[in-house]
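Dear colleague,

Please find the structure below, together with its sequence. A short account of what was found in it follows.

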Amino acid sequence: MPSFADHQVEFWIFAFMFGLVTIMGFAAARWRRPDNIHTLEEWGLGGRAFGNWVTFFLLSGDVYTAYTFVAVPTLVFGVGASGFFPMPFLVIVYPMLFVVLARFWSVCHVHGFVTPAEFVRARFGSKFLALAIAVTGILATMPYIALQLIGIEAVFKVMGLPEGWPLTAAFIVLALYTFNSGLRAPALISIVKDALVLWTVLAAFLIVASHSGGWGSVFRVAEAKYAASPSGTDGLLLAHGTELNYVTLALGSAVALFLYPHTLTGVLASRNRATLRRNLSVLPLYTLTLGVLMLVGFAAILSDIQPIGGDRNTVVPLWFDANFPDWSAGLAFAAIGVGAMVPAAIMSIAAANLFTRDIYKEFIRPQATAKEETFVSKVASLAMKFGAVICILMLNTQFAIDLQLIGGVFVMQTLPAVAIGLFTAWLHRWALIAGIFAGLATGLAMLYQIPQRGANGAVLREHFGGSAWPLSNIGIDTDSTIYVGVVALAVNLLVAALLTPVLRGGGAPDGTDRTREHDYVADEGDPTVRRMTELIDGESLPEEPVAPAAGRHSFTPLRRP
């Protein structure tokens with residue numbers, strides 16, 4: 001086990017950076033502070049007023065998390081080429097984001113929606129469909145928050161800190177400044193996070209390149225290691241039987257990414273459609289940093305890194321510790337730690353907003369004021385964080401990763417209502433509810449059938465051991481597997497599509513669509529969109545309808561009390 005006495009420099013640099021972002025987190029409450037921050041638009045969305053730079057840092061902190069920078073290289077360390085699936089899925093996802101999220105931004109700004117479930121309720125006229133979307137989003141986000149803790153916990157292990165209280169203390173601080181400053185805190189801290197990550201990537205690339213043999217020796221040693229492995233699924237190239245799972249996992253992960261509530265929360269904080277699209281065009285460059293860090297998994301093989309206590313999540317921090325100077329390792333540890341804080345804060349805010357707007361206000365206290373909504377969301381965000389801490393302290397890390405895989409299957413089931421709903425309301429609301437339940441049931445049944453296996457092929461756990469479902473379960477003579485989420489989503493779509501004409505033919509009433517065609521292309525300056533200057537300055541919105549521009553429909557945006 002590493003000794004804390006041998007990691008004094010790393011610890012104090014980590015502590016300094018952690019203290020810096022803590023100060024920034026609390027100070028963010030005064031950053032462009034409006035007269036009234038006690039609304040979900042201000043606390044939970046930063047006033048919907050972030051410009052180009054802040055939006056870039058916020059979205060990069062939202063999408064590229066500590067789990068991405070720790071667990072993905074760890075997966076490469078363990079299985080090789082199969083661990084590179086995030087690269088194609090990030091290539092796939094950005095064109096999808098460019099098209100879909102601009103429409104989502106517009107309709108939510110016209111109507112003042114804070115959550116995707118609010119949009120679904122207005123689009124399909126069903127509060128129970130919106131409830132299903134909200135609950136699914138919360139369940140999918142909770143394990144994702146927990147997984148951010150894995151990165152910090154791995155760093156603490158490498159520095160020789162005891163388990164338990166350092167992790168709890170770190171997230172108490174996170175909870176407090178998120179409670180105080182809302183989305184402004186992770187938006188401001190994400191600037192520091194990106195600087196630390198880019199420094200770490202550059203240092204890792206140069207250190208490997210300067211070693212004897214450089215990157216060539218890294219690949220040669222990795223190839224030899226996989227060739228001697230008893231497993232048939234690892235290697236520098238995709239092993240036979242893993243191709244289908246690789247493709248479906250990349251596609252499914254791309255779909256899941258833009259449906260997660262925290263991704264949509266970051267999108268809604270953008271000032272206008274141009275800001276959002278400009279950043280979605282630039283963010284693929286950030287994927288290059290992920291590619292370099294994924295190669296650290298191969299470099300760890302060359303350095304003969306041995307995980308602490310069998311916890312492979314310590315591989316990347318251990319490699320930093322073994323190859324970086326002490327001061328540089330401290331900055332790399334801070335990059336992981338701060339990289340966990342930013343997305344964890346955004347995720348907890350997004351999940352809390354879902355609870356407040358779509359459960360508390362809709363079913364518990366419809367007369368709740370804007371100030372009460374904000375307070376409830378703050379408390380709910382605390383509950384999300386501490387629930388994640390309890391999960392990590394009580395469950396082993398491998399089980400937590402399996403939970404994240406289940407979370408991905410969950411959130412994919414919201415695609416018909418949220419993503420397809422942005423383009424058409426043809427699907428019937430009851431068919432969508434049936435589709436969600438069918439998809440979730442299919443996904444859970446398939447996940448239950450997947451055992452967890454060790455490196456030697458031995459079964460470690462009978463159920464919920466991964467997301468790669470063997471096709472041999474349905475009698476096909478093959479070693480191929482498929483990502484569960486794709487199959488579950490296909491069942492969801494099939495049920496929704498088949499039931500829609502049946503329900504309409506049987507006279508089942510459709511819900512009232514409160515959105516209009518122009519809502520999906522409205523932009524800042526449009527008379528139907530709340531004026532951004534008013535949101536930034538905190539001035540009261542005019543109560544009277546705004547006259548529509550020529551050729552556009554007359555519509556007054558919904559205003560929250």
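**Two crossing helices**

In this predicted model, the axes of helix H3 (residues 52-63) and helix H9 (residues 184-210) come within 8 Å, and they cross at roughly 75°. Angles of 65 to 115 degrees count as roughly perpendicular, and H3 and H9 are therefore roughly perpendicular to each other. On the side of H3, the residues that take part in the contact are Val54, Phe56, Phe57, Leu58, Ser60 and Gly61. They meet Pro186, Ala187, Ser190, Ile191, Lys193 and Asp194 in H9. By character, the residues of this contact divide into 7 nonpolar, 3 polar and 2 charged.

Lysine 193 and aspartate 194 deserve a further remark. Lysine 193 forms a salt bridge with aspartate 194, and the closest N and O atoms of the pair are 3.7 Å apart. Are these two residues buried or exposed? Lysine 193 has a relative accessibility of 0% and so counts as buried. Aspartate 194 is likewise buried, with a relative accessible area of 1%.

**The protein as a whole**

The protein has 22 helices and 4 strands. Of its 561 residues, 60% are buried. The area that the protein exposes is about 21,100 Å², and carbon and sulfur atoms supply 66% of that area. Consider next the contacts between residues at least 6 apart in sequence: 82% of them join residues at least 24 apart.

**Further salt bridges**

Side chains of opposite charge can pair when their charged atoms come close. The count for this protein comes to 12 salt bridges. One salt bridge joins the side chains of aspartate 311 and lysine 157, at 2.8 Å from N to O. Which parts of the chain does this pair tie together? Aspartate 311 lies in the loop between H14 and H15, while lysine 157 belongs to helix H7 (residues 127-158), so the pair ties together parts that are 154 residues apart in sequence. Both aspartate 311 and lysine 157 are buried.

The side chains of aspartate 510 and arginine 504 also meet in a salt bridge, again with 2.8 Å from N to O. Here the residues are partly exposed: aspartate 510 has a relative accessibility of 41%, and arginine 504 has a relative accessible area of 29%. In addition, a network of salt bridges links Glu118, Arg357, Lys361 and Glu373.

**Two residues with positive phi**

Most residues other than glycine have a negative phi. Against this background, two residues may be noted. Arginine 48 is not a glycine, yet its phi is positive, near 50°. Arginine 48 is found in the loop between helix H2 (40-43) and H3. With 1% relative accessibility, and with buried meaning under 20%, arginine 48 counts as buried.

Aspartate 304 also has a positive phi, of about 55°, although it is not a glycine. Where does aspartate 304 lie? Aspartate 304 sits in the loop between helix H14 (287-302) and helix H15 (315-323). Its relative accessible area is 55%, and since exposed means over 50%, aspartate 304 is exposed. Of these two loop residues, then, arginine 48 is buried, whereas aspartate 304 is exposed.

Yours sincerely

Technical notes:
Residues numbered from 1 in each chain as written. Predicted model: local features only at pLDDT ≥ 70, side-chain atom pairs only at ≥ 80, totals over all residues. Heavy atoms only, no water. Axes fitted to C-alpha atoms, helices over the stretch in contact; angles between N-to-C directions. Parallel < 35°, antiparallel > 145°, perpendicular 65-115°, else oblique. Contact = heavy atoms within 4.5 Å. Nonpolar A, V, L, I, M, F, W, Y, C, P; charged D, E, K, R; others polar. Buried < 20%, exposed > 50% of the residue type's maximum accessible area, 1.4 Å probe, protein only. Areas by Shrake-Rupley, 256 points an atom, 1.4 Å probe, with all protein chains shown as cover. Salt bridge = Lys/Arg side-chain N within 4 Å of Asp/Glu carboxyl O.
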